[in-house]
Every structure is written in structure tokens, then in C-alpha cells.
Amino acid sequence: MIIGVPKELHPGERRVALVPGVLPSLTKASLEVVIERSAGGPAGFPDGAYVEKGARIATSRDQLFADAEIIVQVRCPGAAKDTGHTDLDFLRSSQTIIGFSEPLGAPSMAYSIAELGVRSFAMELIPRITRAQSMDALSSMATIAGYKAVLLAAETLPRMFPMMMTAAGTIMPARVFVVGAGVAGLQAIASARRLGARVEAYDVRPAVKEQVESLGANFVELPIDTSESEDVGGYAKAQDESFLQRQREMMARVVAGSDVVITTALIPGKTAPILVTAEMVEKMEPGSVIVDLAAERGGNCALTKADKIVVADGVTILGPSNLPATVPYHASQMYAKNISTLLLHLIDNGTLTLDLDDEITVGTLVTHDGQVVHPRVKELL
Ligand code: NAD
């Protein structure tokens, strides 16, 4: 089978779906890889590096789509708002596409893909089970976002992160508060600690306390009942407005005392909860920084504007929506490992073989045989 890797067209997207390093594992499984010219360039992978590992360079994008039976992308049409629809013209019945596709945020695109007879797998839907860990692209990208959020905060803050005792006086460490200690939050805690900050963190899932403390941060205890906050999949459940109101009231003191607040709180498939209000921002010291990693889903701070720098009462609020694309080399390396592991899971004897009893296959399959087949996406439609 031929696997095609198109260049990503979404503005600012510098990642690529496969890197040269994973090609030997694919060619060993009798897969041929075709790359669109310069697809890996923005991530630091020149065409020659792919050719060295056995890939072919396609003469054009339409040639790539014509040749490939499986297209692997970072952003499939559903996840490439302005540019994704252009690829619909290239896709054909019985072709398969694999990548991020926001099936829960853009279910109508899943419908268009199904109508074309194209089979699609969404990387966002990889089940969070041990067996699928090396395919878990949400986790690998969240790791990068958590790390980069800290660097952005450090760059923007008019203070240094570490404590320093110098002849010119003692510099106190920056105080960083991380709200939401999932994959991105835990990486933000670890990165801020490495830079020498004093870190506090809060999450509605009480199970996280131990992980926060093991990274050298303090877990902020809020006197609200969170015993029912986690679902069976390990995700946070949506909280009602009265809970969030109490949470905001109790967090206000910690937010006001922090130089940096990094928010990562999300509920799968929902708009992000507002956890930092304009009044809470007003009480922060001028020069403080908020990095809102939930910006793409509406933001955890009421003042966040996705991909804009907002300055309110002297506080800078950043809402970067695609931090992994700002670290494209390693983001692509990790994503390529996730994609190639899924590919090898789906391929048997060189051909795509769907085991519809397999949790990973069924959990990720969005369209098949001209239908939207994923129950959650079907429900949204
Ligand atoms: P996520 O991106 O959906 O949410 C980020 C964090 O926000 C979560 O920790 C969540 O509890 C928190 N949150 C939600 N509402 C909040 C609120 N009101 N206040 C404070 N925090 C709030 O989550 P994620 O990072 O993708 O991971 C969620 C869980 O899945 C974690 O337990 C993680 O360990 C688990 N996980 C398991 C696997 C695996 O087993 N293979 C892989 C990845 C993640």
C-alpha cells in the first residue's frame, strides 16, 4: 500500500505527519511512502532525508492524492478550517485518511468525508488505554504545549524564574500557578520547576495531587467536594456553574499572588470552563502573565483571545492555539511515532485490515463504507 504525506496547508502549521526516522518501520511492513515536495521542510526534515530512508517525492499534491491509498496528515480537512475543504476535491472513494480532524468540533466535515466514501480515523479519538499509549497524539502534543507555555511565560514576564542570591541582592523565585494538571499541566509544572520557579497547581481530579507533589509543586487544596469529578476514562466531568463560581472564589487569592498563571483545564468535547474572571485579573500584580492553553476551546480566562496578546490592568494574557507547531521538529517526531504505530496496528500483510472488535480501531474510526460510524460523532450530527 502507498502512504501519502501531504504538506500541511493550515496557516502557521509547521508540523509534518511522518518524519524520516519512522520510515524503516513502515517499509519493513511492505508500505511505500510518498511525500509531497517540501512537506517536512518547515519542521526541519528536508526531502533528501526522506529519500535516503526509502520514500519517493511526489511531483504535485494531486499526484500524491492520486497515488496514495492512505493519506496521513497532521490536520485532516476537519482540523484545517480555512484550507481543509480544498483537499476534498483530491480525495476519492475507498481512500483512507488519518490525522487530527476535530470530529467532535466539526462533525459536518466528517459527514462530507463519509459522503465521498472516504474512510477516516481521528487521532483525537485514540483511546486512553495502556495498549494505545504510543499512538496517543493528544498526550504527545499536550506535552509540548505544556513545556512551551512555560517558555512563553518566562519570555513575557518582566522577572526571572529562578531564585538568585547575588552581590546585587536576592532575586525571589517567580510564583507560577498551574490550573489543570493533566498531561499539559504536569509538563508545565515540571518545566517551570526546572527553571527554578515556585509552583502551585490545582485540578478538580483529586487523584492528581500526588503527581503534582512528585514534581516538586504544591497542590492547592480548595474546600470543594471533588469526589465525583472524574469519569471512568480518567477525564474530568463537566462541573455546574455553582461549582465553578465557588472554585473561582477560592482560587482568586492564589491567582492574585502569582506572577504566572498557566491554565490548561478542559472537559472533552465541551467549551473550556471559565476559571479566571476579569476581576481576578484586575487583582494580579501589573507585569504578571497568563498563558491560556484552553484558548482554542474558548479559554479558561474570560479575557483570552485566541492567538492574540491581550493586556488588561497591566497583566498580559496569551492564548496560543497551536503551540506544538512552534516546536515542529520534536512535535513531528512524536506525532510520526503516534501515526506510524497506529498504521502498523491497522496493517496486516501489507494491507489495511479492519478488526471491528478492536477497541483502538473502533474508537478511532469516524467514517467507513460511506457512513459516519463513530457513535459520538453520529450523535452530534
Ligand atoms: P484534558 O486536556 O481533558 O484536561 C486537562 C486537565 O484539566 C485535566 O487534568 C482535568 O482534570 C482538568 N480540569 C478540568 N476541569 C477543571 C477545573 N474546573 N479546574 C481545574 N482543572 C480542571 O486532560 P488530559 O491532559 O488529556 O488527561 C486527562 C486524564 O487522562 C489524566 O488523568 C491523564 O493522566 C489521563 N491520561 C491517560 C492516558 C493513558 O492511560 N494512556 C494517556 C493520557 C492521559
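**Local environments of E359, N338 and the F65–F90 pair**

In this predicted model, E359 belongs to helix α12, which spans residues 359–364. The relative accessibility of E359 is 45%, so this residue counts as partly exposed. Apart from neighbours within four places in sequence, the contacts of E359 are P127, I129 and R131. With R131, the separation along the chain is 228 residues, while the C-alpha atoms of E359 and R131 lie 9.9 Å apart.

We can turn next to helix α11, which covers residues 328–346 and contains N338. N338 has a relative accessible area of 4% and is therefore buried, falling under the 20% cut-off. Once neighbours within four places in sequence are set aside, N338 is in contact with M123, S134, M135, D136, A137 and S140.

Aromatic rings offer another view of the structure, which holds four aromatic pairs. One of them joins F65 and F90: the ring centres are 5.3 Å apart and the planes meet at 35 degrees, so the pair is classed as tilted. This pair links distant parts of the chain, with F65 in helix α3 (residues 61–67) and F90 in the loop between α4 (84–88) and β5 (96–100), 25 residues apart. The two partners can also be described by their accessibility. F65 is buried, because its relative accessibility is 1%, whereas F90, at 29%, counts as partly exposed.

Terms used
Residues are numbered from 1 along each chain as its sequence is written. This is a predicted model: local features need pLDDT of at least 70, side-chain atom pairs count only at pLDDT 80 or more; totals for chains, interfaces and linings use all residues. Side-chain values use heavy atoms; hydrogens and water are left out. Helices (H or I, at least four residues) and strands (E, at least two) are DSSP runs, numbered from the N terminus. Buried means under 20% relative accessible area, exposed over 50%, partly exposed in between (1.4 Å probe, protein chains only). Contact means heavy atoms within 4.5 Å. Rings of Phe, Tyr and Trp (its six-membered ring) pair if their centres lie within 6.5 Å; planes under 30 degrees apart count as stacked, over 60 as edge-to-face and the rest as tilted.
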